[in-house]
Amino acid sequence: MIYSLCFILIAVGLYGVVVKKNVVKIVISVAIMEYGINLLLILIGYRQGGCAPILDKGMDLAAFTANSVDPLPQALVLTSIVISLGVLALLVSICIRLYERYGTFDITEMRKLRG
Amino acid sequence: MNLIPLFVAIPLGVAFIIPMVSRKLKWAPDLLGNLTLACLTVMAFMTIGQTGIYHMGGWQTPLGIDLRLDGLTTLMLIAINVIGLAATIFSVQYMTRYTSKLRYYSLFLFMVAGMNGVVLTGDMFNLYVFLEIAAISSYALVAFGCEHEELEASFKYAILGSVASGFILIGVALIYGITGTLNMAQMAVKLSAAGPSKPLILAFALFICGFGLKSALVPFHAWLPDAHPSAPAPVSAMLSGVVIKALGIYVLVRLIFNVFGVTENFLMILRWLGLLSMVLGVFLAIGQWDMKRLFAYHSISQIGYIVIGFGLGTPLGIVGALFHMLNHSVFKSLLFLNAGAVEYATGTRDLKRLGGLNKSMPVTANTSLVASMSIAGIPPLNGFWSKLIIVLACAESGHYWLALAAVFVSLMTLASFLKVQKYAFFESAKSTLKKVGEVPILMRIAMLILAVLCVVMSFLVLTGLRTPFLIDAASRVLTTGVFNFP
């Protein structure tokens, strides 16, 4: 169930990328899609009622591994957030340059490339 | 001394050093960029025949990230770094037309580091990270001129590329959910034990879409004909020559043959995608008048050949596909460098406004003749042999209609390259082009290196039609299936 919500978020982003005409809105849609993916990654490591994956001194190792959520996807999400930040920065700077050149954010008016 | 991590570390390090030192030293970016690629090329040739595994940071296999070296990796490393070297030699004089050389070389080295990482890594998430390093720097390099077309193409490329990376990441997440590991070798073992399941099929579909977008197979090809012609010539050479192969085809093939395990359905999908790309690519190419755009559509078509070769799944098909991959990276980068040289000398790449360049630019004209004959499959050049192997493999495995299509597309390719040769180089010179001279010496050297490689690689086939040197080792990696490493 909760996975399907994730996929809905991704689908919303994908819809925005395909349908929207404004370049800034397209960039926002890409960001939404990436949030959906990050959420999915976290969910894959989640366990109902699990504890935080931090091993303290007094803890029993077997009980800890049985109860904690998977820490690996959390590490992956951190990396993936940094990567999407880089992509986002690049996309936004391309948008600014596009606006300088064309004087519009409308993608249908940027048609120097055809054929 | 272990060479494996250096393939990533050297270009990554130099990419950061270049902006630091070149405020004062104007010649530093050229020198450092070329030196790095020369060094990487030598290292790539040193890895021939070696295999090995490197644990990053000393962490052992299930915990840390592995870098693996095998025959296929060696083949890709040689392709990436040799083409990279030719492109940087070409850039020394070509890139003086653009503003900032230090940023150019920095981004270029990031791209090389990312691609070397992609072909070396044995870890799914690490693969995604390297893929993004290479992809982000290539988005920036496509936009390098900052004119209307460049920005528009780069925006398109960046959006589609991000969507593709998103698909790939979902795929990685799903596979991690199924197997609980990110190491490719362990993943392969667990997947073959678990058998097919619905999430696995979804993950596979996502990988096909993601890597199909990265390698511009036909339903996903929309960005390529814009992005590749808009980039500066050496970057187009890299993009068409190696980026679409290292980020797209290589990873797809590695995953299908070595991680998922081959099934007939996977192969059938590959064959259909390949057939579509091969036929549509060449039909779209033949009507183009922009030289670089024509070459870009041919990339789609030739990628189709490669994918068909892999899609046959027979040892001969794989040998043909790998051989064609290597050949295509050489002659397509040479063609893009030629187009760059023509643009550098005449200021246009519109075929209707060119003509008679074989008198005024003999080196460019002759090297482009070699490359054109090679891509069109004229014997005895390398393109002929690899296409022949693919056609033979099609016939051998009973796909006669695929073999026919491949021969037909080859003829169409010949036709469109006759058009390029006629309009750009042979026809009588236009009055506007009377004063055109040959391009500077380093650009000529870069083109000559690749042309000589085209000829030399034709002799690879002498080492055995079914077992050419280098390619044999690479194809064995794929045919042995799910990998088991020490």
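## Charges over rings

B:Lys422 sits over the face of B:Tyr423, 4.4 Å from the ring centre. The model in which this arrangement appears is predicted. A second lysine is placed in a similar way: B:Lys419 lies over the face of B:Trp289, at 4.2 Å from the ring centre.

## Aromatic pairs

Over all chains, a search of the whole structure gives 24 aromatic pairs. In one of them, B:Phe125 and B:Tyr128, the ring centres are 5.7 Å apart and the planes meet at 40°, so the pair is classed as tilted. Both residues belong to helix H5 (residues 124-142) of chain B; because they are three residues apart there, about one helical turn separates them. B:Phe125 has 6% relative accessibility and therefore counts as buried. B:Tyr128, at 5% relative accessibility, counts as buried too.

The pair B:Phe204 and B:Phe266 has ring centres 3.7 Å apart and planes at 20°, so this pair is stacked. B:Phe204 is in helix H8 (residues 198-215) of chain B, while B:Phe266 is in helix H11 (residues 264-286) of chain B, so the pair ties together parts that lie 62 residues apart in sequence. Both B:Phe204 and B:Phe266 are buried.

Chain B also holds an aromatic cluster, formed by B:Phe90, B:Tyr94, B:Tyr98, B:Tyr104, B:Tyr105, B:Phe108, B:Phe144 and B:Tyr344.

## Helix H11 of chain B

H11(B) contains 23 residues, which at 1.5 Å a residue should span 33 Å; the C-alpha atoms at its ends are 33 Å apart, so the expected and modelled spans agree.

The buried residues of H11(B) include the leucines B:Leu267, B:Leu270, B:Leu273 and B:Leu275. B:Phe266, the H11 partner in the stacked pair, is also among the buried residues of this helix. Others are B:Arg271, B:Gly274, B:Ser277, B:Met278, B:Gly281, B:Val282 and B:Ala285. The buried residues of H11(B) pack against four helices of chain B: H8, H10 (233-260), H12 (291-312) and H17 (400-426). H8 is the helix that carries B:Phe204.

## Interface of chains A and B

In the interface, 37 residues of chain A contact 35 residues of chain B. The two chains bury about 3,200 Å² between them, and 79% of that area is on carbon and sulfur atoms. Zero salt bridges are found by the rule across the interface of chain A and chain B.

How values were computed:
Residues numbered from 1 in each chain as written. Chains lettered and ligands numbered in written order. Predicted model: local features only at pLDDT ≥ 70, side-chain atom pairs only at ≥ 80, totals over all residues. Heavy atoms only, no water. Phe/Tyr/Trp six-rings, centres within 6.5 Å; stacked < 30°, edge-to-face > 60°. Helix = DSSP H or I, 4+ residues; strand = E, 2+ residues; numbered from the N terminus. Buried < 20%, exposed > 50% of the residue type's maximum accessible area, 1.4 Å probe, protein only. Lys NZ or Arg CZ within 6 Å of the ring centre and 35° of its normal. Expected span 1.5 Å × (residues − 1). Contact = heavy atoms within 4.5 Å. Buried area = accessible area lost by both parts, 1.4 Å probe. Salt bridge = Lys/Arg side-chain N within 4 Å of Asp/Glu carboxyl O.
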